[in-house]
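Here is a brief report on one protein model. Look over the sequence and the coordinates, then read on.

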Amino acid sequence: MDPQMTGPLADDQRFNQRSNSKRFLLLAYQSFGVVYGDLATSPIYVYTNSFLRRLNNHRDEETVFGVFSLIFWTFTLIPLIKYAIIVLGADDNGEGGPFALYSLLCRHAKISLLPNQQAVDEELSTYHRAGYIPQNSIYSPLKRFLENHRNLHTCLLVSVLFGACMVVGDGVLTPAISVRSSISGLQVRAKELHDGEVVFISCIVLVSLFALQHKGTQRVAFLFAPIVFLWLASIAIIGLYNTFYWNTRILYALSPHYIVKFFQSTGIDGWISLGGIVLSVTGTEAMFADLGHFNTASVRVAFLGVVYPCLVLQYMGQAAFLSKNIADVTYSFFESIPELVYWPVFVLATLAAIVASQSVITATFSIVKQCHSLGCFPRVKIIHTSKWIRGQVYIPEINWILMILCLAVTLGLRDTTAIGNAYGVAIVTVMFVTTLLMTLVIVFVWRKRVIFALFFLTFFGLIEAAYLSSSLVKVRQGGWVSFVLSSVFMVVMYVWHYGTCKKYLFDLQNKVPMKWILTLGPSLGIVRVPGIGLIYTQLVTDVPPIFSHFVTNLPAFHQVLVFVSIKSVPVPYVPLDERHLIGRIGPRMYRMYRCIIRYGYKDVQDDGDNFENQLILSIAKFIQMEALESSSERLVSSPEGRMVVVRATDTRGIDLVIGNPSESSCCSTLITNRESTTLQSLEPLYEEQESSQSSNHLSVQFELSGQETINSEINRRRVQFELPGLENTNSEVKEELVALLGAKEAGVAYIVGHSYVKAMKSSSCLKKIVIDHAYSFLRKNCRAPTAALNIPHTSLIEVGMIYYV
């Protein structure tokens, strides 16, 4: 800003700058409670897990110095350089995690396995990053090789799913090791306390933690952020105190020369201890996975300004203490706390352990949400916990499953070393998957030379491979838990994805051609009754087999038919203005439309009671846009006609106004619909029942300005559709709009397929097991499609079909 600038404009700029600074600092502050809890509590158990077992035979000052040097450089290379500097720059419109990298790759190379993808999806404003270079301009041999081999597409998806499963496994292991390690500090002062009693107290804390999750991320962040901040400040001061009090020579261990001396003196025992040292970077993946709750700058500033220096001081001070008190390595962190402040720090350690668990649980909810959106996880209830911040979700089923598994691990393994072995396998695997995906992102998204990608893969891949190989040696000592948990979730994800894709292929191969529809005529060969029929289908072209099945078995259909396709796009969010894609099926007189509703992998598919109104509004706008040809630049060619992106904020055509119909009732003309006498006789009874259930009985009014108005009573809200300038509208368009709103007034029916998926008799035994047993079990025990789509039961029509895949 110009220093000479004065007046109201300068004051506004200063106010905006202060506002942005406050918001930025607030996000950085909140990130302590959500992102860094796990990373901040690692000092409680890192040295203990590093020295026990094989390294127990090398208890001397030289070994302690070597272990600290390894921790310092591991902490510097992976969380600081790899994640804070490099990986955080690969966010997908502000979102992070394995699926964010995968979605970026799918948009820059043709490797996606998602069905229903269309060329028009690439026109979404969130589809391309800033500075995007069209695919055709740069086409490397590596990209061509990857796109031409479908098996590689599957391998890439399996790798992403496996990494996601390891994150879910972290959601089980992090609370177990963090809470168990912190509560074990009681045994330092209360010697008579047995391990069983510590485990029991840990279980009580864990149950309380998971019971708190329904409060939502934002409330938890405000509650936990000061705890982590105080925790980091206290352990940094204690670390600095121990460094000067016990052994200032520990500063020399910052040199990597001590790493070489460490391996020279310990040999294979030092290599095996890497499985414990890697626990110093636990929670690093949460920096990237939880990115959508904050932003890149706030996460970086919090890490560089507070987390990194505080943890380095703590690790250094604890090493200085151990160099003179190596016999206290079992409870090294709590033994290093000065007696004067022991109990306050212990309370902070327990609270910080709860926060550590929170960060990974939050990341687990985000990962499961992304898997669900991309068709790789069974339908679960997803609750959006914040009205202002997108992406903050709570999944009750996953929360209680994690709690049960976490209690089982705590009660079953008991030993923090065994839990640490399992934890080490999980975190290194996730990091390795991120490294592989980032290598492809550097080439395909950032458009860097392959040599840079190979350097990134070689440098960080070798470091993580060394830690992974050390962790795999301890599979029998608890490491098997990670593989069991991940394998179970992996089977669930892949079976669901496989069954969903096979079901979609059946619909695609048995779809009804448009020629068959045209031969039926405007009446479709049956009686067209008043109302709107919403036919849900996965197909985005032609007519699904459920339609012909319905027509063949029932003698009547609604006067307006809308084929609704709800699909996921590999982007984090789809703006409301770009969510509805509307087209026509057949000639105008058929009154058949197609509505494709697009969601991103971070969108919550919950339009509530407004879904019907938004759908009718979009169709009405499409009718006008089609007639006026005012949006030809947004029309997409289609075998069935033209598809239009109908924007919610488009002021042309219909305006949605929420108001009181009585205000305009004096100038309204009521359009009567052709309801049957049976429906008319049941209407008073239905209204009486609805009024008894809800005291807020409102109505919907559809107003055709200056011409016609349709009043309809429903039990939730009262809205008004206005068509300005209808007197100059084409008679066919006017008739179609009146028919549409009249059908809405008559009622909306939701037609959903109730499918039974079975393997064909000629299928292999493995396929029969997957489809007939595993996939069928998941479908029966997950949320029903009607519940996931928020379909009212009073308007539901289910059509049974058997899919032989």
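## Around Trp231

Which residues does Trp231 contact, leaving aside its neighbours within four places in sequence? The list has Ala40, Thr41 and Ile44. It continues with Phe333, Val345, Leu348, Ala349 and Ala352. The model is predicted, and these contacts are read from it.

## Nonpolar cores

Trp231 is also one of the residues with the most contacts inside the largest nonpolar core. Tyr36, Leu232 and Phe303 share that standing. This core holds 168 residues. Helix H19, residues 416-444, gives the most to it: 17 residues.

Another core lies apart from this one. It has 32 residues, including Phe547, Val551, Phe557 and Leu561.

## Aromatic rings

How many aromatic pairs does the structure hold? There are 32. Take Phe68 and Phe72. Their ring centres are 6.5 Å apart and their planes meet at 35 degrees, so the pair is tilted. Both residues belong to helix H4, residues 61-86. They are four residues apart there, about one turn of the helix. Phe68 has 1% relative accessibility and counts as buried. Phe72, at 15%, counts as buried because the cut-off is 20%.

Ring pairs also build a cluster. Its members are Phe32, Tyr36, Tyr47, Phe75, Phe229, Phe303, Tyr308 and Tyr315. Tyr36 and Phe303 thus appear in this cluster and among the residues with the most contacts inside the largest core.

A charge meets a ring elsewhere. The charged end of Lys503 sits over the ring of Tyr803, 4.8 Å from its centre.

## Two buried sites

Ala363 is in helix H17, residues 342-373. Is Ala363 buried or exposed? Its relative accessibility is 3%, so Ala363 counts as buried. Not counting residues up to four places away in sequence, Ala363 touches Val167, Ala289 and Asp290. Asp170 is 193 residues from Ala363 in sequence. In space, the two are 9.3 Å apart, C-alpha to C-alpha.

Ser273 sits in a loop. That loop runs between helix H12 (268-272) and helix H13 (274-277). Ser273 is buried, with a relative accessible area of 3%. Leaving aside neighbours within four places in sequence, Ser273 is in contact with Ser50, Leu55, Phe262 and Ser470.

## The chain as a whole

The protein chain has 28 helices and 14 strands. Of its 805 residues, 56% count as buried. The accessible surface comes to about 33,400 Å². Carbon and sulfur atoms account for 60% of that surface.

How are contacts spread along the sequence? Consider those between residues at least 6 apart in sequence. Of these, 81% join residues at least 24 apart.

## Confidence

The mean pLDDT of the protein chain is 77. A value of 70 or more is reached by 81% of its residues. Residues 8-12 have pLDDT below 50. Beyond near neighbours in sequence, that stretch has two contacts in the model. Residues 656-718 also have pLDDT below 50. Beyond near neighbours in sequence, this stretch has 111 contacts in the model.

Where pLDDT is low, predicted coordinates should not be read in detail.

Notes: Residues are numbered from 1 along each chain as its sequence is written. This is a predicted model: local features need pLDDT of at least 70, side-chain atom pairs count only at pLDDT 80 or more; totals for chains, interfaces and linings use all residues. Side-chain values use heavy atoms; hydrogens and water are left out. Buried means under 20% relative accessible area, exposed over 50%, partly exposed in between (1.4 Å probe, protein chains only). Contact means heavy atoms within 4.5 Å. Accessible areas come from the Shrake-Rupley method with a 1.4 Å probe; for residues, only the protein chains shown count as cover. Rings of Phe, Tyr and Trp (its six-membered ring) pair if their centres lie within 6.5 Å; planes under 30 degrees apart count as stacked, over 60 as edge-to-face and the rest as tilted. A charge sits over a ring if NZ of Lys or CZ of Arg is within 6 Å of the ring centre and within 35 degrees of the ring normal. pLDDT is the predictor's confidence in each residue, from 0 to 100. A nonpolar core is a set of buried Ala, Val, Leu, Ile, Met, Phe, Trp, Tyr and Cys residues joined through side-chain atoms within 4.5 Å.
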